[in-house]
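Q: I've just opened this one. Can you walk me through it?

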Amino acid sequence: MGRLLIFLALVYGVVCVALYFMQQSFIYFPQQRHRPDVPLLKLAAGDETILVSTRPRKSADAVIYFGGNAEDVSSSLPSLAEAFPDKTLYLMHYRGYGGSSGRPSEMALVADALLLFGRVAQDHSNITVIGRSLGSGVAVQLASERPVARLVLVTPYNSIQELAVARFPYFPVHWILRDKFESWKYAAKVTAPTLIVMAERDGVIPSSSSRALHTHFAKGVAELAVVDGAGHNTIADYPAYVRLLKSHP
């Protein structure tokens with residue numbers, strides 16, 4: 001029995017080590033950029049180059065978009081262009097995505113988001129920030145630190161750490177996980193009008209997680225909306241999604 005327990009402990013330890021070194025592959029799924037026709041803004045982030053797909057307009061209004069963990073953000077241009085025909089659009093390709101160099105991490109993505117906001121603010125005085133899925137964690141941190149005019153969080157989570165704990169309940173996720181994306185910590189600091197858009201049939205982010213995030217915003221700052229029939233990866237295909245983006249003040 002003693003040898004069995006030692007063996008099981010060793011196996012458990014090996015799995016914990018494997019989870020630690022493989023964790024990035026559970027969070028990030030870099031995608032190639034499939035719209036070479038779209039104009040690009042290039043940002044120098046230290047030794048790395050961050051690419052940003054753009055749709056220029058002569059306007060003081062702009063939209064910054066942060067996508068999901070397996071999204072080529074340039075593919076979201078049509079729906080965003082429909083929702084914001086008169087605003088300049090900036091869609092950031094995370095490190096390792098769409099031709100951007102480097103490797104993604106929570107710290108790096110948030111730093112790049114702050115860098116992009118600073119660049120956009122040079123030309124635009126009214127900036128809406130949208131974060132979808134993984135990008136909601138980037139967007140809420142940005143909005144907690146910068147004068148964002150509006151914030152839209154699409155299929156957001158309260159915390160990636162909470163989701164990981166639920167997925168791996170028998171492992172010390174709190175110790176293993178580096179990129180925790182604890183959005184709830186930043187929500188209370190957001191003062192911009194915020195819209196949380198949920199998918200009715202979201203099989204990735206539980207509705208309880210999105211609703212929990214909503215409770216951490218100051219009273220009256222955030223509102224909830226649900227796109228009926230939509231799934232986590234199909235929400236942008238629904239006309240109601242574009243209508244919500246258009247209707248948000």
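A: Here is a short tour of the sheet, the helices on it and the pockets. Keep in mind that this is a predicted model.

Q: In what order do the strands of the sheet come?
A: The order is S1-S2-S4-S3-S5-S6-S7-S8. That makes an open sheet of eight strands, with mixed pairing.

Q: And which strands are at the edges?
A: Strand S1 (40-45) and strand S8 (222-231). Each pairs on one side only.

Q: By how many degrees are neighbouring strands turned against each other?
A: By 20 degrees on average, ignoring direction.

Q: Do S3 and S5 run parallel or antiparallel?
A: Parallel. Six bridges join S3 (residues 61-66) to S5 (residues 126-132). Within that pairing, Asp 61 of S3 stands opposite Asn 126 in S5.

Q: Switching to helices. Which strands does H8 lie across?
A: Helix H8 (residues 207-215) lies across S6 (150-154), S7 (194-201) and S8. It runs at about 165 degrees to S8.

Q: What about H9?
A: Helix H9 (residues 239-247) lies across S5, S6, S7 and S8. Its angle to S8 is about 165 degrees.

Q: Now pockets. What volume does the largest pocket have?
A: About 750 Å³. It is lined by 28 residues, and the closest to its centre are Phe 26, Ile 27, Asn 69, Arg 167 and Val 204.

Q: Which elements give two or more residues to that lining?
A: Helices H1 (2-27), H5 (160-167) and H6 (173-176). By class, the lining has 18 nonpolar, six polar and four charged residues.

Q: And the second largest pocket, how much space lies in it?
A: About 150 Å³. Its lining includes Gln 24, Tyr 28, Arg 103 and Asp 179. Three lining residues are nonpolar, three polar and three charged.

Notes. Residues numbered from 1 in each chain as written. Predicted model: local features only at pLDDT ≥ 70, side-chain atom pairs only at ≥ 80, totals over all residues. Heavy atoms only, no water. Pairing = 2+ DSSP bridges. Helix = DSSP H or I, 4+ residues; strand = E, 2+ residues; numbered from the N terminus. Axes fitted to C-alpha atoms, helices over the stretch in contact; angles between N-to-C directions. Contact = heavy atoms within 4.5 Å. 1 Å grid on protein atoms, 1.4 Å probe; cavity = no way out; pocket = protein on both sides within 12 Å on 5 of 7 lines; lining within 4 Å. Points joined across faces, edges and corners; volume = space filled by probe spheres on them. Nonpolar A, V, L, I, M, F, W, Y, C, P; charged D, E, K, R; others polar.
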